[in-house]
Structures are given as structure tokens and as C-alpha cells.
Amino acid sequence: MKTNKYVEGLKAKSAAELNEELVAAKKELFNLRFQNATNQLDNTSRIKEVRRNIARIQTVIAEKAKLA
């Protein structure tokens, strides 16, 4: 499944790389929300996808912190 490969890729990254990815995802979410507010967003399902990716990243960060 596509999500499993994404999560496996996240688990292989270091904490610094995960934080960089989290910041990038949050910036993307902000931009998507702004586009949605100005009626410029074509693919509204992308917002849901990015929100879930942020949650996945945060979960992997929490799991790594718990193990350390």
C-alpha cells in the first residue's frame, strides 16, 4: 500500500530530517488553506492528505522519542 511505504520511509529518517519534513508539510498545508480561502484550490482532497501526513510524521517522531 502507498501509505505503508510512506511510513516506512519516515521511520528510516533521522529526527532532524523528520522535523524538516514536518515544517515543509505544515507550510504546504498553510498554502493549501490560503488557496482554498481565495477559491484558487482545484484539488481540495489534498488538504486532507497533507493533514494526515502531518499526523503520520508526528506519530513517528513520538515513537522515536519514546524509544530513545
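Of the 68 residues in the protein chain, 19% count as buried (under 20% relative accessible area; exposed is over 50%, partly exposed in between, with a 1.4 Å probe and protein chains only). The model is predicted: local features need pLDDT of at least 70, side-chain atom pairs count only at pLDDT 80 or more, and totals for chains, interfaces and linings use all residues. Residues are numbered from 1 along each chain as its sequence is written, and side-chain values use heavy atoms, with hydrogens and water left out.

**Exercise 1. The overall picture**

Find how many helices and strands the protein chain has, and in what order the elements run.

Solution.
- Step 1. Count the elements: the protein chain has 3 helices and 0 strands. Helices (H or I, at least four residues) and strands (E, at least two) are DSSP runs, numbered from the N terminus.
- Step 2. Read the order from the N terminus: α-α-α.
- Step 3. Take the extent. The C-alpha trace spans about 45 × 25 × 15 Å along its principal axes.
- Step 4. Look at the contacts (heavy atoms within 4.5 Å). Among those between residues at least 6 apart in sequence, 62% join residues at least 24 apart.
- Step 5. Add the surface. The accessible surface is about 5200 Å², and 53% of this belongs to carbon and sulfur atoms. Areas come from the Shrake-Rupley method with a 1.4 Å probe; for residues, only the protein chains shown count as cover.

**Exercise 2. Checking two helices**

Test the span of H2 against the expected value, then do this for H3.

Solution.
- Step 1. The expected span is 1.5 Å times one less than the number of residues.
- Step 2. Helix H2 (residues 15-37) has 23 residues, so 33 Å is expected; its end C-alpha atoms are 33 Å apart, which agrees.
- Step 3. H3 also has 23 residues, and reaches 34 Å from its first C-alpha to its last, close to the expected 33 Å.

**Exercise 3. Buried positions**

Which residues are buried in H2, and which in H3?

Solution.
- Step 1. In H2 the buried residues are Leu18, Leu22, Ala25, Leu29 and Leu32.
- Step 2. Recall the geometry. An α-helix has 3.6 residues a turn, so residues three or four places apart point the same way.
- Step 3. Ask what covers them. For H2 the cover includes H1 and H3.
- Step 4. Turn to H3. Ile47, Val50, Asn53, Ile54, Ile57 and Val60 are buried there. Their cover includes H1 and H2.

**Exercise 4. The loop between H2 and H3**

Is Asn39 buried or exposed, and what is its phi?

Solution.
- Step 1. Place the residue: Asn39 is in the loop between H2 and H3, just after H2.
- Step 2. Asn39 is exposed, because its relative accessible area is 72%.
- Step 3. Phi of Asn39 is near 55°, a positive value in a residue other than glycine. Most residues other than glycine have a negative phi.
- Step 4. Compare Thr44, which lies in the loop between H2 and H3. Thr44 counts as partly exposed because its relative accessibility is 48%.
- Step 5. The C-alpha atoms of Thr44 and Leu32 are 8.3 Å apart, with these positions 12 residues apart along the chain.

**Exercise 5. The largest pocket**

Which residues line the largest pocket, and which element gives the largest share?

Solution.
- Step 1. The lining is Lys2, Thr3, Tyr6, Ser45, Lys48, Glu49, Arg52, Asn53 and Arg56.
- Step 2. Helix H1 (2-11) and helix H3 (45-67) each give two or more residues. The largest share, 6 residues, comes from H3.
- Step 3. Look at one lining residue. Arg52 sits in helix H3. Arg52 is partly exposed, at 48% relative accessible area.
- Step 4. Arg52 and Thr3 are 49 residues apart in sequence, yet 10 Å apart in space, C-alpha to C-alpha.

Methods: On a 1 Å grid over the protein atoms alone, a cavity is a set of points where a 1.4 Å probe fits but cannot get out, and a pocket is an open set with protein on both sides within 12 Å along at least five of seven lines; lining residues have an atom within 4 Å of a point.
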